[in-house]
Amino acid sequence: MLISSSTHKFRVAICGAGIGGLVLAITIGKFAGHDIHIDLYEAHDAITTSGAGISVPRRTAEVMVELGLSEKIPNPSPDYGLRLRKSNALKGGFEWFHFIFKTLKRGSTMHRKDLVDILEQNIPSSCTVHFNKRLTKYEKHSPGSLVLYFADDSTSTADVLVGADGIHSSVRKTFFETIGPDTVDPSKIRHYGDPSWTGTLVYRSVFPAEKLSKLDPSNVALKDFIIFCGKGKERRSMSQHMLLMNGKLAQPFEGHWVSDVSLEEAEEAYQDFEPDAKRLLNCFEKPSRWALHVVNELPLFTCDRVALIGDAAHAMTPYCGAGAGQAIEDAFVLGRLLAHPLTTLDNVPVALKAYQDVRLPFTQFVARGSGLTGKMYDFRRTWVL
Ligand SMILES: Cc1cc2nc3c(=O)[nH]c(=O)nc-3n(C[C@H](O)[C@H](O)[C@H](O)COP(=O)(O)OP(=O)(O)OC[C@H]3O[C@@H](n4cnc5c(N)ncnc54)[C@H](O)[C@@H]3O)c2cc1C
């Protein structure tokens with residue numbers, strides 16, 4: 001029997017206070033109380049988030065209900081859906097598909113910051129948050145304790161480590177670098193550790209919807225969730241959130257993944273689009289260009305007492321707006337398993353394996369569906385369901 005160094009059953013270190021890490025801390029706190037101590041390590045000096053809109057599909061909403069956090073989540077909208085337009089038409093595009101999520105009992109959307117604020121306010125008292133702690137690597141020490149190394153030269157220990165540290169995950173890198181050739185083919189270690197460029201550049205800007213209302217009150221983007229589709233390109237409008245995706249051949253991406261660009265560059269990429277789409281571009285403020293990367297399909301999400309969740313495990317393309325929802329589901333399933341009364345320090349690896357068995361196939365199915373949906377949006381594929 002392994003004995004943890006305190007009155008807790010065991011100590012969990014969560015690396016990364018993004019949506020996934022926060023939901024995991026809340027789930028463990030709610031269902032295990034003080035039986036499990038949580039250390040939440042965040043690289044930044046505060047809990048922050050970038051981005052604007054976030055989808056809250058039915059399953060995500062159900063998790064929020066289970067956690068007692070549903071009060072501020074918007075009620076499902078009866079006609080929530082999206083409209084796809086063929087927009088690479090200079091004189092005007094047309095709608096080619098209207099998808100209403102009602103039949104799938106889908107949810108609605110909310111501002112990402114509102115969601116993160118709700119999560120931050122509900123961090124449990126069994127959780128200590130450590131800011132400015134960027135994990136660089138971890139080591140396994142006998143008799144099973146994990147030593148965590150941080151960029152400020154400090155160290156810490158834990159019984160269980162969860163990598164919720166996003167697409168660049170240091171936990172994922174160490175996980176595959178140290179896993180051993182019996183478990184993972186050594187020639188694949190970089191493939192699993194490093195994200196891959198999808199070949200897509202995303203032009204992104206957030207601006208108030210009122211700006212478009214003043215410029216072009218009849219713009220179709222003001223009435224609904226519209227995706228302006230075009231060969232090799234796609235524009236998406238989701239209230240105040242705007243992404244432009246410009247497909248290029250995939251190869252390793254040189255340079256910064258995110259950079260500020262001129263409005264002219266973004267306009268140039270969409271010069272053959274319909275007037276409504278171009279007028280959206282006129283509203284762009286501080287446009288940035290993102291090289292869209294994903295995590296390659298991993299063979300494992302867990303080994304011994306280490307697990308990966310959210311983008312660290314399966315960062316995917318944004319075409320289904322599913323990344324955050326999947327991070328929330330990972331966190332909830334893993335949190336419930338860790339918090340289960342039958343889970344002890346001895347059998348934590350069994351609980352983590354159960355998490356992997358449930359979540360790995362499903363998240364990779366969603367990620368593949370998202371990639372295929374992207375192809376549909378720029379007319380490289382007809383239908384994906
Ligand atoms: C352009 C774009 C649009 C998107 N649109 C949507 C959408 O509409 N809907 C949707 O559901 N999803 C969307 N996503 C995906 C979504 O943002 C992610 O899937 C989600 O944020 C994943 O949450 P996470 O907690 O796993 O990781 P993250 O949100 O990346 O959080 C990781 C956290 O770990 C911290 N961290 C990183 N490294 C370390 C370290 N070494 N040590 C300590 N802390 C560390 C970070 O500071 C951060 O706080 C989009 C993504 C992109 C790129």
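What follows is a short chat about the helix crossings, the ligand shell and one sheet in a predicted model.

Colleague: Let's start with the helices. Why are α10 and α11 called roughly antiparallel?

Modeller: The axis of α10 crosses that of α11 (residues 348-377) at roughly 165°. Angles over 145 degrees count as roughly antiparallel, and therefore α10 and α11 get that label. Their axes come within 9 Å, and the crossing is right-handed.

Colleague: And what makes α2 and α10 oblique to each other?

Modeller: Here the axes cross at roughly 40°, again coming within 9 Å; α2 covers residues 58-66. Roughly parallel would need an angle under 35 degrees, and roughly perpendicular starts at 65. The value falls in neither range, so α2 and α10 are oblique.

Colleague: Which hand does the crossing of α2 and α10 have?

Modeller: That one is left-handed, whereas α10 and α11 make a right-handed crossing.

Colleague: Now to the ligand. What puts a residue in the shell around the ligand?

Modeller: The C-beta atom, placed from the backbone, has to lie within 6 Å. In this model 36 residues surround the ligand, and the closest are Gly16, Gly18, Gly166, Gly310 and Gly323.

Colleague: Which element gives the largest share of that shell?

Modeller: Our helix α10 again, with four residues. The elements that give two or more are α1 (19-32), β3 (53-56), α9 (311-314) and α10 (323-339).

Colleague: How do you sort the shell by residue type?

Modeller: It divides into 16 nonpolar, 15 polar and five charged residues. Glycine counts as polar, so the closest residues, Gly16 and Gly18 among them, belong to the polar group.

Colleague: How do you know that both domains take part in the shell?

Modeller: At least three of the shell residues come from each of them: domain 1 (10-57 + 112-194 + 295-377) and domain 2 (59-106 + 196-294).

Colleague: Last topic, the sheet. How do you know that β8 and β9 pair?

Modeller: Pairing takes at least two bridges between the strands. Six bridges join β8 to β9 (residues 145-150), so the pair qualifies. The two strands run antiparallel, and histidine 141 stands opposite serine 145 in β9.

Colleague: What makes β8 an edge strand?

Modeller: The sheet is open, with three strands in the order β8-β9-β10 and antiparallel pairing. Both β8 (135-141) and β10 (155-158) pair on one side only, and they are the edge strands. Neighbouring strands of this sheet are turned by 25° against each other on average, direction ignored.

Notes
Residues numbered from 1 in each chain as written. Predicted model: local features only at pLDDT ≥ 70, side-chain atom pairs only at ≥ 80, totals over all residues. Axes fitted to C-alpha atoms, helices over the stretch in contact; angles between N-to-C directions. Domains from an automatic or database assignment. Parallel < 35°, antiparallel > 145°, perpendicular 65-115°, else oblique. Left-handed = near helix turned anticlockwise from the far one by under 90°.
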